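Hello,

Here is the structure I promised to pass on to you. Please open it beside this email, and we can walk through it together.

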Amino acid sequence: MPSPFDEVQTLLSDYFELLYHCDLRLFDTVFHPNALYASADETPFLQRDMPTYREVIATRQSPASRREPRQDVIDAIEFAGDNTAFARVRCAIGARQFVDFLTLVRVNDRWQIIAKVFQIIEKKDN
């Protein structure tokens, strides 16, 4: 039986896969249906519900289709208890890098993202 840490690592791997391939099947398993998506880096403040964010993913050209190199890293995973965790991850899509703070919940024996709050870092040309 996998440990909670292993289960969260698997969830985060699926998260990176869904972003890289714009995979809606993974979207539906990775995110809790009531999850929050937010960033203070957009003007006005950006906040989306899951149906709206899912539509963004559905219409986005995937990084995989553009043959962008994968750039995803798990910086930290912390547990508050048996059913609550936090992950700090980084990834890149197009000309932007992202630092994502992901709050995770374990519901019905499955880990899902309940909140994604992120920082956008524009890539600098060398």
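**Salt bridges**

There are 11 salt bridges in this structure. Please keep in mind as you read that the model is a predicted one. The idea behind these pairs is simple: side chains of opposite charge can pair when their charged atoms come close.

A good place to begin is arginine 96, which forms a salt bridge with glutamate 42, with 3.2 Å between the closest N and O atoms. Arginine 96 lies in strand S5 (residues 96–107), while glutamate 42 lies in the loop between S1 and strand S2 (46–48), so this pair links distant parts of the chain, 54 residues apart. Are these two residues buried, exposed or partly exposed? Arginine 96 counts as partly exposed at 29% relative accessibility, and glutamate 42 counts as partly exposed at 26%.

Arginine 96 also has a salt bridge with glutamate 122, where the closest N and O atoms are 2.9 Å apart. Glutamate 122 belongs to strand S6 (residues 110–122) and arginine 96 to strand S5, so this pair ties together parts that are 26 residues apart in sequence. Glutamate 122 is partly exposed, with a relative accessible area of 44%. Elsewhere, Glu7, Arg106 and Asp109 are joined into one network by salt bridges that share partners.

Next, have a look at aspartate 75 and arginine 90, a salt bridge whose closest N and O atoms are 2.8 Å apart. Aspartate 75 sits in strand S3 (residues 72–79) and arginine 90 in strand S4 (residues 84–93), and the pair links distant parts of the chain, 15 residues apart. Aspartate 75 is partly exposed at 31% relative accessibility, and arginine 90 is partly exposed at 35%.

**Aromatic rings**

Now for the rings. How many aromatic pairs does the structure hold? It holds 10. One of them is formed by phenylalanine 27 and phenylalanine 31, a tilted pair with 4.9 Å from centre to centre and 35° between the planes. In case you wonder about those two values, a pair of aromatic rings is described by the distance of the centres and the angle of the planes. Phenylalanine 27 is buried, with a relative accessible area of 3%, and phenylalanine 31 is buried with a value of 3%.

If you select Tyr15, Phe16, Phe27, Phe31, Tyr37, Tyr53, Phe98 and Phe118, you will see a cluster linked by ring pairs.

Rings can have charged partners here too. The charged end of lysine 116 sits over the ring of phenylalanine 118, 5.5 Å from the ring centre. In a similar way, the charged end of arginine 70 sits over the ring of tyrosine 20, at 4.8 Å from the ring centre.

**Helix H3**

Helix H3 spans residues 50–59, and its buried residues are Met50, Tyr53 and Ile57. Why can we say that they line one face of the helix? Seen down the axis of H3, these buried residues fall within an arc of 65°, so they line one face. Pro51 and Thr59, on the other side of H3, are exposed. What do the buried residues of H3 pack against? They pack against helix H1 (4–21), helix H2 (24–30), S1, S2 and S6. You have already met Tyr53, which is part of the ring cluster.

**Two buried residues to click on**

The first is valine 30, which is located in helix H2. Valine 30 counts as buried, at 1% relative accessibility. Which residue lies 83 places away in sequence but 6.1 Å away in space, C-alpha to C-alpha? That is isoleucine 113. Leaving aside neighbours within four places in sequence, valine 30 is in contact with Leu11, Asp14, Tyr15, Leu18, Gln112 and Ile113.

The second is serine 39, in strand S1 (residues 31–39). Serine 39 counts as buried, at 0% relative accessibility. A polar atom of the serine 39 side chain lies 3.1 Å from the backbone nitrogen of aspartate 41. Not counting residues up to four places away in sequence, serine 39 touches Phe45, Leu46, Phe118 and Ile120. Phe118 is a residue you have seen before: its ring has the charged end of lysine 116 over it.

Enjoy exploring, and write back whenever you like.

Best wishes

Technical notes:
Residues numbered from 1 in each chain as written. Predicted model: local features only at pLDDT ≥ 70, side-chain atom pairs only at ≥ 80, totals over all residues. Heavy atoms only, no water. Phe/Tyr/Trp six-rings, centres within 6.5 Å; stacked < 30°, edge-to-face > 60°. Buried < 20%, exposed > 50% of the residue type's maximum accessible area, 1.4 Å probe, protein only. Lys NZ or Arg CZ within 6 Å of the ring centre and 35° of its normal. Helix = DSSP H or I, 4+ residues; strand = E, 2+ residues; numbered from the N terminus. Polar contact = N/O pair within 3.5 Å; in protein donor to acceptor, adjacent residues only side chain to side chain. Contact = heavy atoms within 4.5 Å. Salt bridge = Lys/Arg side-chain N within 4 Å of Asp/Glu carboxyl O. Arc of directions from axis to C-beta.
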